[in-house]
Amino acid sequence: MTGNIPPEGSQMPTGSAENQTAETRADGGEPPVVVKIGGAKAVDPEGAVDDIAALVDRGRAVVVVHGGSTAVDETLQRLGIEPTYVETPGGVTGRFTDAETMDVFAMVMAGKLNTELTTLFRNAGVDALGLSGVDGGLLSGPRKSAVRVREDGKTKIKRGDHSGKITDVNSELLESLLGDGYTPVVSVPMLGEEDDDSVTPVNADADRSAAAIAGALGAELVVLTDVAGIYADPDDPETLIESATTPGELETLKTAAEGFMRKKVMAATEALEGGAPAVHVGDANSDAPVTETLSGAGTTVAASAVADNGEITK
């Protein structure tokens, strides 16, 4: 079964991850965990690897999704290509991926970084299996060849992009791997669907990829980054927002988030709307980052934060 991600403004379909989770957790078992490991230079993955190994050893099902923006940018620069970032009309910053950048992106993300991280997990005793969003049609959706951007105070259309919007997750593939004792280590690219029904590997944001997977599996999402969580004042760690449990508190998070943190809040919202029971944002460089974040360190966003009168909003 492929998990369909509901479009904006729609209701959760019957048999969705949200409904399945309620059924499969009736025995009191813990839901799976999707851990997104950031790709910033300041993020050291080894602490997360050891912590995830301990979780898996205790019987928790874990899916890992990794980023790699810093490594992609460094490779582009070594090749004499300047990385291009754009800002959407909504104020979200993201990579513009032309054809040349897409070649480097696939090489670094699905090739070098995924192989290295999978090897780290296997050396830690985890039966890790690396795969990209292309493999088995894991992550798919329409390709975006043109994006709306803000430049010089004006909204413009920038063409030639190789990115996509994830609308489908092959949750059956992940559930099969988890059932067989594997720990999937997932990287973009995703499969971008063209107008002629062919598919092309394209870029997708790693945070939102992790969110799509968490929603499809009904899993808790842990987003590890280079700060302790989401701050009311982005420059002051003492202003950490510990939780958001209501729509109003979620709006406070959205207002506080700046730069790349905006995309993490967006991903948290999408994960909860898709069926994840909770989203946690925490420090990748703490001693046991996943366990500590699941236990309340960092910022926790509850499913009730996207609810209106008890119903999940889309």
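These exercises, each with a worked solution, concern a predicted model.

**Exercise 1. The chain as a whole**

State how many helices and strands the protein chain has and what share of its residues is buried.

Solution. The secondary structure comes to 9 helices and 18 strands. Of the 314 residues in the protein chain, 48% are buried. For contacts with a separation of 6 or more, 73% join residues 24 or more positions apart.

**Exercise 2. Helix 2 and its surroundings**

Describe the length of helix 2, list its buried residues and name the elements they pack against.

Solution. Start with the length: helix 2 covers residues 46-57, which is 12 residues. From first C-alpha to last, helix 2 reaches 16 Å, close to the 16 Å expected at 1.5 Å a residue.

Next, burial. Ala48, Val49, Asp51, Ile52, Ala53 and Leu55 are the buried residues of helix 2. They pack against three strands and two helices: strand 2 (33-37), strand 3 (62-66), strand 13 (220-225), helix 4 (99-123) and helix 9 (289-294).

Last, the end of the helix. Gly59, just after helix 2, takes a positive phi of about 100°.

**Exercise 3. Helix 2 against helix 4**

Classify the packing of helix 2 and helix 4 by angle, and give the residues that make the contact.

Solution. The axes are 9 Å apart and the packing angle is about 45°. Helix 2 is therefore oblique to helix 4. The crossing of the two helices is right-handed. Helix 2 contributes Glu46, Val49 and Ile52, and helix 4 contributes Leu117, Leu120 and Phe121. By class, the contact has 5 nonpolar residues, no polar ones and 1 charged. Two of the helix 2 residues in this contact, Val49 and Ile52, also belong to the buried set of helix 2.

**Exercise 4. Helix 6 against helix 8**

Treat helix 6 and helix 8 in the manner of the previous exercise: crossing angle, handedness, contact residues and classes.

Solution. The axes of helix 6 (residues 206-217) and helix 8 (residues 261-274) come within 8 Å and cross at roughly 15°. Angles under 35 degrees count as roughly parallel, so helix 6 is roughly parallel to helix 8. Their crossing is right-handed. On the helix 6 side the contact is made by Asp207, Arg208, Ala211, Ala214 and Gly215; on the helix 8 side it is made by Lys263, Lys264, Met266, Ala267, Glu270, Ala271 and Gly274. These residues divide into 5 nonpolar, 2 polar and 5 charged.

**Exercise 5. Lys263**

Decide whether Lys263 is buried or exposed, and identify the residues it touches beyond four places in sequence.

Solution. Lys263 is found in helix 8. Its relative accessible area is 12%, and therefore Lys263 is buried. Leaving out residues up to four places away in sequence, Lys263 touches Val92, Thr93, Gly94, Asp205 and Arg208. One of these, Val92, is 171 residues away in sequence, with a C-alpha to C-alpha distance of 6.6 Å.

**Exercise 6. Backbone features in loops**

Locate the cis peptide bond between Val188 and Pro189 and the positive phi values of Asp152 and Asp197.

Solution. The cis bond joining Val188 and Pro189 has an omega of about 25°. Pro189 is placed in the loop between strand 10 (183-187) and strand 11 (190-193).

Asp152 has a phi near 55° and lies in the loop between strand 7 (139-151) and strand 8 (154-164). Its relative accessibility is 73%, so Asp152 counts as exposed.

Asp197 has a positive phi of about 75° and is found in the loop between strand 11 and strand 12 (199-202). With a relative accessible area of 71%, Asp197 is exposed.

Conventions
Residues are numbered from 1 along each chain as its sequence is written. This is a predicted model: local features need pLDDT of at least 70, side-chain atom pairs count only at pLDDT 80 or more; totals for chains, interfaces and linings use all residues. Side-chain values use heavy atoms; hydrogens and water are left out. Axes are lines fitted to C-alpha atoms, for helices over the stretch in contact, and angles run from 0 to 180 degrees between N-to-C directions. Helices (H or I, at least four residues) and strands (E, at least two) are DSSP runs, numbered from the N terminus. Angles under 35 degrees count as roughly parallel, over 145 as roughly antiparallel, 65 to 115 as roughly perpendicular and the rest as oblique. A crossing is left-handed if the near helix is turned anticlockwise from the far one by less than a right angle, and right-handed if clockwise. Contact means heavy atoms within 4.5 Å. Ala, Val, Leu, Ile, Met, Phe, Trp, Tyr, Cys and Pro count as nonpolar, Asp, Glu, Lys and Arg as charged, and the others, Gly among them, as polar. The expected span of a helix is 1.5 Å times one less than its number of residues. Buried means under 20% relative accessible area, exposed over 50%, partly exposed in between (1.4 Å probe, protein chains only).
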